[in-house]
Amino acid sequence: GYLASQKWDGSSWSATTTLDKLYNSNDSVYRSFDLEYENGTDRAILVSRGARNVDPPFYAIWDNGSWSATTSIDIPLVSAPRFIELASQRFSTSTRIAMIVVDVNSDIYGMEWDGDSWNDLGVSVAWDCCASSATKKVVDVAYESASGAALFAWGNLGSLVYYRRWDGAAFTASTTLDVGGVPEWIRLAPNYYSATSTIMLGSYDATNDINLSLWGGSSFGAVTEPDFNNE
């Protein structure tokens, strides 16, 4: 149940640094941490539940030499995170990193790091009470490569994926996409190969279907199921 880090320098891995211990070794079956670099610096940001049984999670900063002391993140969720997902904005000077969390009670919340502090995006309460699972990764976040806007997505009860978009100034309300089955795993894949707003959404549902939909910057397209579904 220990959380540890190593750094790759291009040819080898550094010695292991132990950062924290999970509250319970059983929590190691969930991924209650994530790690991203600020794109415009050589600093990495770690967010983790760590040894805390309830909120808040903590963050620590790697400054290319050592880890900072851990600092709590003030989030409104009352239960411990089960899955934490981070994404870094890919602009050359950006320090923005988006975060989305699902906790033990299936509550959803997200924030954005700006290089100095965490922004609550103008929302100080949980975004949703009813994620489709608290034991599987039903959350993800990604940045549009052209605009730099962050797209947050999570599975909800029924056959719905909820999503919200943050463009650095305005945060949209939760909107739903019917993917045809209860989402149990969510993946957002941004197109970083050209200046575009497209992000592919993939969901794996409770009936073993993979459901795909393409985000175009303002809405999702039709949901399709590839032929290799395990029906």
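Colleague: Hi! How much surface does the protein expose, and how much of that do carbon and sulfur atoms supply?
Modeller: About 10,400 Å² is exposed, with carbon and sulfur atoms supplying 50% of it. Keep in mind that this is a predicted model.

Colleague: Thanks. And what share of the residues is buried?
Modeller: Of the 231 residues in the protein, 48% are buried.

Colleague: What about the overall dimensions along the principal axes?
Modeller: The C-alpha trace spans about 45 × 40 × 40 Å. The radius of gyration is 17 Å, which agrees with the value near 17 Å for a compact globule with 231 residues.

Colleague: How many helices and strands are there?
Modeller: The protein has 0 helices and 17 strands.

Colleague: Let's switch to Glu-144. Where is its place?
Modeller: Glu-144 is in the loop between strand E11 (139-143) and strand E12 (150-155).

Colleague: Is Glu-144 buried or exposed, and why?
Modeller: Glu-144 counts as buried because its relative accessibility is 2%, and the cut-off for buried is under 20%.

Colleague: Which side chain does the side chain of Glu-144 make a polar contact with?
Modeller: That would be the side chain of Arg-165, at 2.9 Å. Leaving aside residues up to four places away in sequence, Glu-144 also touches Ala-149, Thr-196, Ser-197, Ile-199, Trp-215 and Gly-217.

Colleague: Back to the whole protein: how far apart are the mean positions of the positive and negative charges?
Modeller: They are 4 Å apart, taken over 14 positive and 28 negative charges.

Technical notes
Residues numbered from 1 in each chain as written. Predicted model: local features only at pLDDT ≥ 70, side-chain atom pairs only at ≥ 80, totals over all residues. Heavy atoms only, no water. Helix = DSSP H or I, 4+ residues; strand = E, 2+ residues; numbered from the N terminus. Buried < 20%, exposed > 50% of the residue type's maximum accessible area, 1.4 Å probe, protein only. Polar contact = N/O pair within 3.5 Å; in protein donor to acceptor, adjacent residues only side chain to side chain. Contact = heavy atoms within 4.5 Å. Rg over C-alpha atoms; globule rule 2.2 N^0.38 Å. Areas by Shrake-Rupley, 256 points an atom, 1.4 Å probe, with all protein chains shown as cover. Lys, Arg positive; Asp, Glu negative; His and termini not counted. Charge placed at Lys NZ, Arg CZ, Asp CG, Glu CD.
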